[in-house]
Amino acid sequence: MIRFGLRLALAGGREAAVRFVVIAAAVALGAGLLLATIGGVRGLDAQFARAGWLRSQPFPGDQTVAGGAPVDPVVWAHRYDNFGDRWIERLEVGVTGPNPPAVPGLPRLPRPGEYFVSPALHDLIAANPVDRLGARFPGHEAGLIADRGLASPDALVAVVGRTPGEVGGIPGAVTVTSVSTTGAKIPTAALDLVLSVIAGGLLFPVLIFIGTATRLSAARREQRFAAMRLVGATPRQVTMLAAVESAAAAVAGTAAGFALLPALQAAMAQYPITGLRPFPEDLSPGWPAMLLVAVGIPLAAAAASRLAMRRVRISPLGVARRVSPKPPSAWRLIPVLAGLAELAYFIGRTPHSSNGQVAAFLPGFLVIMAGLVIAGPWLTMVGARLLAGRARRLPTLVAARRLADNPQAAFRAISGVVLGVFVVSVATGVITTLVERRTVHDDPLSEVTMLQQFGNEGGRLPDGAVDRVRATPGVTFAVPVHRNPDARRAGVPSSLITCSELASIPQYGRCAPGAETAAIWYDLVGTRHDWPDTGESTVWPTSPLTAAQVAAIPVDTLVVGLDGTAAAHERARTALEVEFPDFEVGPATEVDFSNDQRGQLNLYQQLADAVMLFSLPIAGCSLAVSVAAGITDRRRPFSLLRLTGVPLKMLRRVVALESAVPLLAVAVLASVTGFAAAQLFLRAQMDYDLSPPPWSFYALTAAGLAISLAIIASTLPLLERVTGPETARNE
């Protein structure tokens, strides 16, 4: 029977050959995208794991190196720096002996006066004057960090050698004897969840597409196998033939999907999902997933064929005596409501750990996605009945009756698009709100005000340091502000400044008449505290302390003014790092801080948009295959309608309405459900209310639906070719 099934699939005439090629091509695209999606999700974890060694922490117990010698501890301080809009990871190390722990990507740890850098940072240093970047790294370059120690080919990383005493004076320094070779998962629960939902949004359409492709011409195959039953074939033989025919095409398509994988990986390697491009080798789906896809898709195709033949197995005449399937009931809404209820339950009960939060919220979103697929046929039936009640023309009535007769088949064609709309709605809702609520609303002065912060305990300024910073080209002023002992009271600015210093920079405000010192924010602007009307007209509160008393208090921040040029920005940053090499937070403007967060969130929004654009062709292919298969399976009734005088134009309207009505109706519900789920998550996780989505969301969604409608229209010419008079005679 296997040989006979292969002959039917490969040598069963033109129709069988076309069906085999279409199924194989569809499965190839689906399998390739499925493998690429799995590889992309694994690539994110691999990217974080590659850089895990930079954040090594003390490890209990004695460690040894090769040969049994004890490991000499290393004093270790991990910090961040900036150059333009790019982050630099900087690791200061102080080696205490000849046997330090091994570090991925380095032949050895640098000695004092040496540093290792990533290739991207090496090129950046070479391309810029020393006073803008190179002077931040004392000593000379000892070599490059190999790829296995970097998260990305674009990563900017420096490992700087200093004495153990110097490194120990940096806030946050630790002593390590073992270097981690794994990294934490994606650290932010909200973005972890968004990525998980996005991964599901990619996988669902791919799986639906593969399932749709394997059901191509299902009705025609049922009729053919029913005829075999009538001439004596057993149910087992018919099932075997159907499974072999589908599995053969699925095997060919899966093999072609593996051939597509390198090209898809190369394209994904150019997309900076986290702000940095992944290494191509990190995008491998892994042998377990590859084996599962290689075996699972053909088996799933065979199982789908077996399920599709259930009516033929029961009776060879069952295909001829078809009745309308039982209409779906409203209970199909229960999974959607259950998913929303699960998200609502965690309002006020959010777990504290990141993994716990993902475990709490992710099931709710996945249940909602599955619920939309389950509820789709019922919603399609409701829409069809409403359409039938308002029908005034024959195409509308025929389409409504057809949808009401088999809403499952009608919804199956558009389920991929609906899930894509849901995923983008969730991602857009969460990310837009985070951008709105966590973005610092920049004051114009924030762009030209650089801060060197000295931590919670404050700091002392070396003699001449302020004058040297002031002498940097592009720096307009350098003013120290001191910690305010009364800052714990609500609404009281965090720092103090002498009125003589404030008078030299009137653009930041002034003291009250007769005052000697004033309370002011650490950045002179109050950007993060919504201080009203900051600027020349601001009169800062008077402090009871004298100028001498303020000067004796530790410095909170050294505030540096810039002339607004990019060169001044980097020269000032470099000058501050040279003067204060033990910084915990690198010198930066408030715009630098807010741009980093805004840029990261925008990257995730781009990822969500990419999911829509990525899943849209998949869903469109599913839609095209489903509509074309529906036309082919119903060519006899359509041919009879044409013989009775129904115009071809009217039949095209029927087919278009059958796909467009459920598409638009369920897409609206999917979008509303997505925003409702995002609101519940935001309220439970961060106590935020959903912000209105940007216009780009509406434009992207409208474009996606328009393309889907265009795909439906592109299948309509098939109707004329398969509904001629000869079809009615031959069927």
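## Exercises: a helix, a disulfide and a charged network

Just after helix α21, Asp687 takes a positive phi of about 60°. (Helices, H or I and at least four residues, and strands, E and at least two, are DSSP runs numbered from the N terminus.) Before you dive in: this is a predicted model, where local features need pLDDT of at least 70 and side-chain atom pairs count only at pLDDT 80 or more, while totals for chains, interfaces and linings use all residues. Residues are numbered from 1 along each chain as its sequence is written, and side-chain values use heavy atoms, leaving out hydrogens and water.

### Exercise 1

Check whether the end-to-end distance of α21 agrees or disagrees with its expected span, then look for a kink.

*Solution.*
- Step one: count residues. Helix α21 covers residues 648-686, which makes 39 of them.
- Step two: work out the span. The rule is 1.5 Å times one less than the number of residues, so α21 should span 57 Å.
- Step three: compare. The end C-alpha atoms of α21 are 56 Å apart, which agrees.
- Step four: look for a bend, meaning the angle between axes fitted to the seven residues ending at a residue and the seven starting there. Helix α21 has a kink of about 25°, centred on Leu657.

### Exercise 2

Find the disulfide and say what it ties together.

*Solution.*
- Step one: search for cysteine sulfur atoms within 2.5 Å of each other, the cut-off for a disulfide. There is one in the structure, and its partners are Cys499 and Cys511, with 2.1 Å from S to S.
- Step two: check the twist. The angle about the S-S bond is -105°, a left-handed link.
- Step three: place the ends. Cys499 sits in helix α16 (residues 499-503) and Cys511 in the loop between α16 and β10 (517-520), so the bond ties together parts twelve residues apart in sequence.
- Step four: check the surroundings. Buried means under 20% relative accessible area, exposed over 50%, and partly exposed in between (1.4 Å probe, protein chains only). Cys499 has 12%, so it counts as buried; Cys511, at 15%, is buried because it is under that limit too.

### Exercise 3

Start at Arg90 and trace its partners out to the charged network.

*Solution.*
- Step one: locate Arg90. You'll find it in strand β2 (residues 86-95), buried at 3% relative accessible area.
- Step two: list what it touches, taking contact as heavy atoms within 4.5 Å. Beyond neighbours within four places in sequence, the contacts of Arg90 include Arg79, Arg136, Val160 and Glu577.
- Step three: look for polar contacts, pairs of N or O atoms within 3.5 Å (within protein, one must be able to donate a hydrogen and the other to accept it, and residues adjacent in sequence count only if both atoms are side-chain atoms). The side chains of Arg90 and Glu577 make one at 3.5 Å.
- Step four: find salt bridges, where a side-chain nitrogen of Lys or Arg is within 4 Å of a carboxyl oxygen of Asp or Glu. Arg90 has one with Glu92 at 2.3 Å, N to O, and both residues are buried.
- Step five: widen the view. The structure holds 21 salt bridges, including Glu579 with Arg468 at 2.6 Å. That pair links helix α18 (residues 566-579) with helix α15 (residues 465-470), 111 residues apart. Salt bridges with shared partners join a set of residues into one network, among them Asp81, Arg90, Glu92, Arg136 and Glu577.
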